[in-house]
Amino acid sequence: MINSEMFKLVGNTISTLSIIIGITLSVLNFRIAKEKEAESRKIEAAKPFLELRQKLYLEALTNASILASQDFHTEEEVRKAKQRFAELYWGELSLIEEKNIEKAMIQVADSMNLNDSISPSKRATYNLAHSMRESLVNSWGIDRSKIGEINP
């Protein structure tokens with residue numbers, strides 16, 4: 001009789017433990033899946049920002065390389081490259097660039113004398129682009145670790 005009751009007790013305990021372990025594993029698996037889903041959403045949120053960044057980085061580099069190799073280009077090509085580089089520098093690129101790219105852009109701009117006379121409208125446009133970048137990052141819920149270090 002004692003053995004029978006002991007077996008029932010052990011059996012019930014094992015059943016209860018199995019249920020508890022099963023529930024615990026299910027909760028843990030659910031939590032891991034939700035964390036992976038949240039990480040995936042963060043990456044998706046950063047995607048448009050990163051695609052725009054890639055496009056504008058390439059455009060800035062193309063124009064900077066034309067300016068660096070002026071001997072191989074017509075005056076018109078150099079003029080257009082300088083104009084477009086300045087547009088990217090004062091506006092669009094300021095919207096998406098990382099801190100280290102910003103420093104490099106400043107070096108190129110300095111070499112072209114773009115910073116010799118910074119007008120109030122240039123400074124205001126530059127600040128507007130940085131403010132817009134902060135707005136986009138915040139509204140898209142982008143994880144800053146996915147887009148690199150930016151200046152606020």
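Lys80 and Glu76 sit four residues apart in helix α2, so about one helical turn separates them. In this predicted model, their side chains meet in a salt bridge, with an N to O distance of 3.8 Å. Glu76 comes out as partly exposed, because its relative accessible area is 38%.

That pair belongs to a wider set, as the count for the structure comes to eight salt bridges. Another of them joins Glu92 to Arg84, and here the closest N and O atoms are 2.6 Å apart. The two partners differ in how covered they are: Glu92 is partly exposed at 33% relative accessibility, whereas Arg84 is buried, with a relative accessible area of 18%. Since the cut-off for buried is under 20%, Arg84 falls on the buried side of it. This bridge does not stand alone, either, for salt bridges with shared partners join Glu59, Arg84, Glu87 and Glu92 into one network.

A further bridge runs between Glu98 and Arg53, whose closest N and O atoms lie 3.2 Å apart. This one links distant parts of the chain, with Glu98 in the loop between α2 and α3 and Arg53 in helix α1, 45 residues apart. Again the acidic partner is partly exposed, with Glu98 at 24% relative accessibility, while Arg53 is buried at a relative accessible area of 5%.

Turning to the aromatic side chains, the structure holds four aromatic pairs. Phe85 and Tyr89 make a stacked one, because their ring centres are 6.3 Å apart and their planes meet at 10°. Like the Lys80 and Glu76 pair, these two are four residues apart in helix α2 and so about one helical turn from each other. Both Phe85 and Tyr89 are buried. Tyr89 also pairs with Tyr126: the ring centres are 6.4 Å apart and the planes stand at 40°, so this pair is tilted rather than stacked. Because Tyr89 lies in helix α2 and Tyr126 in helix α4, the contact ties together parts that are 37 residues apart in sequence. Both tyrosines are tucked away from solvent by the numbers, with a relative accessible area of 6% for Tyr89 and 9% for Tyr126. Together with Trp90, the residues Phe85, Tyr89 and Tyr126 form one aromatic cluster.

Phe85 and Tyr89 turn up again in the largest nonpolar core, which has 22 residues. Along with Leu67, Leu93, Ile96, Met105 and Leu114, they touch the most other members. The elements giving two or more residues to this core are α1 (2–68), α2 (75–96), α3 (99–111) and α4 (120–140). Of these, α2 gives the most, with ten residues. Leu93 shows what such packing looks like for a single side chain: leaving out residues up to four places away in sequence, Leu93 touches Leu56, Tyr57, Ala60, Leu88 and Met105.

Away from the core, Leu17, Ile20, Ile21, Leu25 and Leu28 make a nonpolar surface patch of about 460 Å². Leu17, one of these, lies in helix α1 and counts as partly exposed because its relative accessibility is 47%.

One backbone detail rounds off the picture. Asn113, found in the loop between α3 and α4, has a phi near 65°, a positive value in a residue other than glycine. At 47% relative accessibility, Asn113 is partly exposed.

Methods
Residues numbered from 1 in each chain as written. Predicted model: local features only at pLDDT ≥ 70, side-chain atom pairs only at ≥ 80, totals over all residues. Heavy atoms only, no water. Core = buried A, V, L, I, M, F, W, Y, C linked by side-chain atoms within 4.5 Å. Buried < 20%, exposed > 50% of the residue type's maximum accessible area, 1.4 Å probe, protein only. Contact = heavy atoms within 4.5 Å. Patch = residues over 30% accessible without salt bridge, like charges linked within 9 Å, V, L, I, M, F, W, Y side chains within 5 Å. Areas by Shrake-Rupley, 256 points an atom, 1.4 Å probe, with all protein chains shown as cover. Salt bridge = Lys/Arg side-chain N within 4 Å of Asp/Glu carboxyl O. Phe/Tyr/Trp six-rings, centres within 6.5 Å; stacked < 30°, edge-to-face > 60°.
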